[in-house]
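Work through the exercises below with the structure open. Try each task before reading its solution.

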Amino acid sequence: MKFLAQMFKLISINLKSVPARWGATLVIVVGLAGVVGVVTALQSMSAGMVATLRATGSADRAIVLRGGSNSELSSFFTRDQAIVIEQAPGVAKGEDGKPLASGELSLIAERPLRRSNTDSNVSLRGIGPAGFTIRPELQIVEGRSFKPGLQELIVGLKAREQFIGLDIGSAVQIRGSLWTVVGVFASNGDAHESEVLVDIETAQSAFRRNGYSSLLVKLDDPSAFQAFKDSLTTDPRLQVDVQNEVEYFSSQSRSFTKTIGVLVSVVGVIMGLGAIFAALNTMYSAVAARTVEIATLRALGFGGGVVIAATVMEAMVLALIGGLIGAVGAYAFFNGYTVSTLGAGFTQVAFSFRVTPTLLINGLVLSLFVGFLGGFFPALRAARMQIAVALRAA
Amino acid sequence: MTTLVSIRGVAKRYTRGKQTVDVLQALDLDIASGDFLALMGPSGSGKTTLLNLIGGLDKPSAGEIVVDGKRIDQLSSGQLAKWRARHVGFVFQFYNLLPVLSAEANVELPLLLTSLSKAQRKKNVAAALAVVGLADRATHKPSELSGGQQQRVAIARALVADPTLLVCDEPTGDLDRKTADEILTLLQQLNRNHGKTIVMVTHDAKAAEYATHRLDMDKGALVTSGDSH
Ligand SMILES: Nc1ncnc2c1ncn2[C@@H]1O[C@H](COP(=O)(O)OP(=O)(O)OP(=O)(O)O)[C@@H](O)[C@H]1O
Ligand SMILES: [Mg+2]
């Protein structure tokens, strides 16, 4: 108890002397604000991407691709193969008694991005009525849906936000044919919102593709998946990969999150080391500036342990202040900030940074850790000074 | 009179690399309880070194130091810290007050090492500041006080925990004659009226006149011994 009281007294003495050494102290605060800000921003980007792709898909839906294709763009089925797949066990039936399966065509179109005015890939999906039935989250929010047989398209909210010339009424040149934007759809903020949708049959004839890239089916329930998968993978007429839709979209984000993870680690370690040295520097100079004060307190009988604890705590308090500034800054500047990146198959997927409470807490823990290391060695030096020698520094 | 400090065969040697400096050699000294001893001598003669040994700020290379019946030359630094907190009050040439703390907070510092309650600490601080005549400056920061006043605060700090011994290293070395005389008068009163044993290092022969005894040092040894008046 006495130890704590002495330590708090020393911390308060030390912190009171901070204004006299603002310049040196700012090094810790600004350093930690920078580290925590950058690391939190990077992690929030990763968290946002993961959240977007996790939000895409439902456990009671399965996506079928040609065997060995890791994205829809490199996958293709004939209509006959599609019929075989639709008949597999576990596929739910609609009100009309037909299987709830949507053969879809996935293509890439080039459009200029708003932010850079340079061409980038927008994902174009040919989709039939079943595609809408299977995906209840897909809702027209402006205008109307496309009419089969007409070269009309509807755009996702995020696609319209990211690309130039996708507003309702615009004419869009895609692979040699002209299409008109007639509506805008929402899809729970998932990856489909970065896409453009057209009627499947119109797309098949316009782009001369007599088949599908993928087949999305609604299952009776999530537990029907294994039977469905087994029946397809053992069918000698087919060569397919079957994935639960949730799993499919999270696997799309895996390489991205891994890259971000590596980036966060590398940047975090480099900046963290820099911050530790900055903190060491600040605290060494603080201890040096207080040589006589510390020696006087020790002459009065304050113990070395109290001096160490107070010095370490001081560094941690300063580092925490910096960490708080960095975390709040990352939240203020980046939370909800929308960017797009190349997602599956080199198309743009838009997502928002998510500065979650966990990331904020991680940032603060990081700053406390840096403060601890930065304070510890100077504190040891302070405690080890010979009192009689240090007093002569007066 | 009982002996408060007993020093036998004390030596202090500093080693720096291959060089060794023998600062004190085979030194014997007794200080009686209730004494006011002035230690004089040329610069470098070892006065501060001896004072630091008496005050438990440093340990001798050889010899025995007993204060108030307790051998302190063999204590660990942690034990010494506790011992100092209970038994010694320090007064330094440059006051060594903490600039960010008010006078009363400075005086309170030694009491944080005791088990006194907050209210008791406040009372003792007020009493110590009253003894040095600074009751009205309790909330002032050192920078708002004159040198003489700062040294009074430092003396109050040295007194507040009621130590056995006051050690003062050139307490008037940074003050003008008149202020120095006031400080010395204060120390004399503490010695006479409050029975404090004081060991004071000084360069100033006039300062030494306030003491009851005077000792001279030269090259690490005591050269004269006797009464100043
Ligand atoms: N840590 C140390 N290492 C080496 N030599 C030291 C150390 N501390 C003191 N000395 C030496 O010991 C000798 C005595 O020093 P001390 O400070 O005790 O003298 P002093 O009588 O108090 O002098 P002054 O009147 O100048 O204060 C000096 O020669 C000094 O250089
Ligand atoms: Mg000296």
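## Exercise 1: helix 2 and helix 11

Helix 2 of chain A passes helix 11 of chain A in a right-handed crossing. A crossing is left-handed if the near helix is turned anticlockwise from the far one by less than a right angle, and right-handed if clockwise. Helices (H or I, at least four residues) and strands (E, at least two) are DSSP runs, numbered from the N terminus.

This is a predicted model: local features need pLDDT of at least 70, side-chain atom pairs count only at pLDDT 80 or more, and totals for chains, interfaces and linings use all residues. Residues are numbered from 1 along each chain as its sequence is written, chains are lettered from A and ligands numbered from 1 in the order in which they are written, and side-chain values use heavy atoms, with hydrogens and water left out.

Task: describe how the axes of helix 2 and helix 11 of chain A are set, and which residues make the contact.

Solution.
- Step 1. The two axes come within 9 Å and cross at roughly 150°. Axes are lines fitted to C-alpha atoms, for helices over the stretch in contact, and angles run from 0 to 180 degrees between N-to-C directions.
- Step 2. Helix 2 of chain A is therefore roughly antiparallel to helix 11 of chain A. The classes are: under 35 degrees roughly parallel, over 145 roughly antiparallel, 65 to 115 roughly perpendicular, the rest oblique.
- Step 3. Contact means heavy atoms within 4.5 Å. Helix 2 of chain A brings residues including A:L32, A:V36 and A:Q43, and helix 11 of chain A brings residues including A:L359, A:G363 and A:V370.
- Step 4. By class, this contact has eight nonpolar, five polar and no charged residues. Ala, Val, Leu, Ile, Met, Phe, Trp, Tyr, Cys and Pro count as nonpolar, Asp, Glu, Lys and Arg as charged, and the others, Gly among them, as polar.

## Exercise 2: helix 10 and its partners

Task: find the angle at which helix 10 of chain A packs on helix 11 of chain A, then do so for helix 2 of chain A.

Solution.
- Step 1. Helix 10 (residues 304-334) and helix 11 (residues 357-384) of chain A pack at about 150°, with axes 7 Å apart. These two helices are therefore roughly antiparallel.
- Step 2. Their contact residues divide into 18 nonpolar, six polar and no charged.
- Step 3. Helix 2 (residues 22-55) of chain A packs on helix 10 of chain A at about 40°, with axes 7 Å apart. This pair is therefore oblique.
- Step 4. Helix 2 of chain A passes helix 10 of chain A in a right-handed crossing. The contact residues divide into 14 nonpolar, seven polar and no charged.

## Exercise 3: chains and salt bridges

Task: how many salt bridges cross the interface of chain A and chain B?

Solution.
- Step 1. A salt bridge is a side-chain nitrogen of Lys or Arg within 4 Å of a carboxyl oxygen of Asp or Glu.
- Step 2. The rule finds zero across this interface. Over all chains the count is 25.
- Step 3. The contact takes 20 residues from chain A and 25 residues from chain B.
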